[in-house]
Structure formats: structure tokens, C-alpha cells
Amino acid sequence: MAETALRFGASERFTDLREALDRTQADAVYLATPVAVHTGQVRSVLEAGRHVLVEKPLGTNAAECQGLAELAASRRLVAGCAYYRRCSAR
């Protein structure tokens, strides 16, 4: 991880989401983690006052996704879901 951070000029690097949210000055967080932890991690990021972009899916069901969208809206934050093949020809 240190080599990658150095290569891309990252001034901060963390292996723990809670530590990152407590210590970083970043405005937004990108999550590319296992699906089973998305809902909790997205909630943690939003509750920390940061925008979040998560690789699909945002949650594991419609109710989770709705709840996260409502939490983001109530805090005037963006919670987005990325799908790398959205514009793919196939």
C-alpha cells in the first residue's frame, strides 16, 4: 500500500475505515469493498459527513438503498453507486 500511495502522491493512507473517517480531511470516500459490508460502510461514511461513491450495489435490497439515499439527502450529501460497465457496448 505504501508503494501505491507514493506512486500516486497520496498524502494519506489507511487500512481501517473508521480511522480514515476520523483522521482524513477528504470530502468524499470511494468504496470498492465486498458487497456484504457496503450498507454499513456507506452509512458510516455518510454519518461522518462525507460524500460516498460505492461500487454496485449500494445496499443488498431496496429498503437498505432507500434508507441510505434518505440519510444522504437529510445531510445534503451525495451517495452514488458506480457501475463500471454502464457505458459498455456489451
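Contact here means heavy atoms within 4.5 Å. The structure is a predicted model.

**Exercise 1. Describe the overall make-up of the protein: which elements does it have, and in what pattern?**

Step 1. Count the elements: there are 4 helices and 3 strands.

Step 2. Put them in sequence order, which gives the pattern α-α-β-α-β-α-β.

Step 3. Add the dimensions. Along the principal axes, the C-alpha atoms occupy a box of roughly 40 × 35 × 25 Å.

Step 4. Add burial and surface. Of the 90 residues in the protein, 26% are buried. The exposed area is about 6,400 Å², and carbon and sulfur atoms supply 52% of it.

**Exercise 2. Work out how the strands pair: in which sense do strand 1 and strand 2 run, and how many bridges join them?**

Step 1. Take strand 1 (residues 28-31) and strand 2: they run parallel and are joined by 4 bridges. One residue pair can be named, since leucine 31 has valine 54 of strand 2 as its bridge partner.

Step 2. Move on to strand 3. Strand 2 and strand 3 also pair in the parallel sense, over 4 bridges. Here the bridge partner of glutamate 55 is alanine 82 in strand 3.

Step 3. Put the two pairings together: strand 2 pairs with strand 1 and with strand 3.

**Exercise 3. Sort the side chains of strand 2 and strand 3 by face: which are covered or buried, and which are not?**

Step 1. In strand 2 (residues 51-55), Val52 and Val54 form the covered face. The uncovered face holds His51, Leu53 and Glu55.

Step 2. Strand 3 (residues 79-82) alternates as well: Gly80 and Ala82 point to one face and are buried. Ala79 and Cys81 point to the other face and are not buried.

**Exercise 4. Place threonine 39: which helix holds it, is it buried or exposed, and what does it touch?**

Step 1. Threonine 39 lies in helix 3, which spans residues 38-47.

Step 2. The cut-off for buried is under 20% relative accessible area. Threonine 39 has a relative accessibility of 18%, so it counts as buried.

Step 3. Leaving out residues up to four places away in sequence, threonine 39 touches Leu58, Gly59, Thr60, Glu64 and Leu68.

Step 4. Widen the view to the helix. Its buried residues are His38, Thr39, Gln41, Val42, Val45 and Leu46. They pack against helix 2 (17-23), strand 1, strand 2, helix 4 (62-74) and strand 3.

Step 5. Look past the end of the helix: glycine 49 follows helix 3 and has a positive phi, near 85°.

**Exercise 5. Find the number of disulfides and explain it: how many are there, and why do cysteine 65 and cysteine 81 not form a bond?**

Step 1. A disulfide needs two cysteine sulfur atoms within 2.5 Å.

Step 2. The closest cysteine sulfur to that of cysteine 65 is in cysteine 81, at 7.3 Å, so the two are too far apart for a bond. Starting from cysteine 81 gives cysteine 65 as the closest, again at 7.3 Å.

Step 3. The count is therefore 0 disulfides.

Step 4. Check the exposure of each cysteine. Cysteine 65 is partly exposed, with a relative accessible area of 24%, and cysteine 81 is also partly exposed, at 32%.

**Exercise 6. Describe the charges: how many positive and negative side chains are there, and how far apart do the centres of the two sets lie?**

Step 1. The protein has 12 positive and 10 negative side chains.

Step 2. The centres of these two sets are 7 Å apart.

Definitions and conventions
Residues numbered from 1 in each chain as written. Predicted model: local features only at pLDDT ≥ 70, side-chain atom pairs only at ≥ 80, totals over all residues. Heavy atoms only, no water. Buried < 20%, exposed > 50% of the residue type's maximum accessible area, 1.4 Å probe, protein only. Areas by Shrake-Rupley, 256 points an atom, 1.4 Å probe, with all protein chains shown as cover. Lys, Arg positive; Asp, Glu negative; His and termini not counted. Charge placed at Lys NZ, Arg CZ, Asp CG, Glu CD. Pairing = 2+ DSSP bridges.
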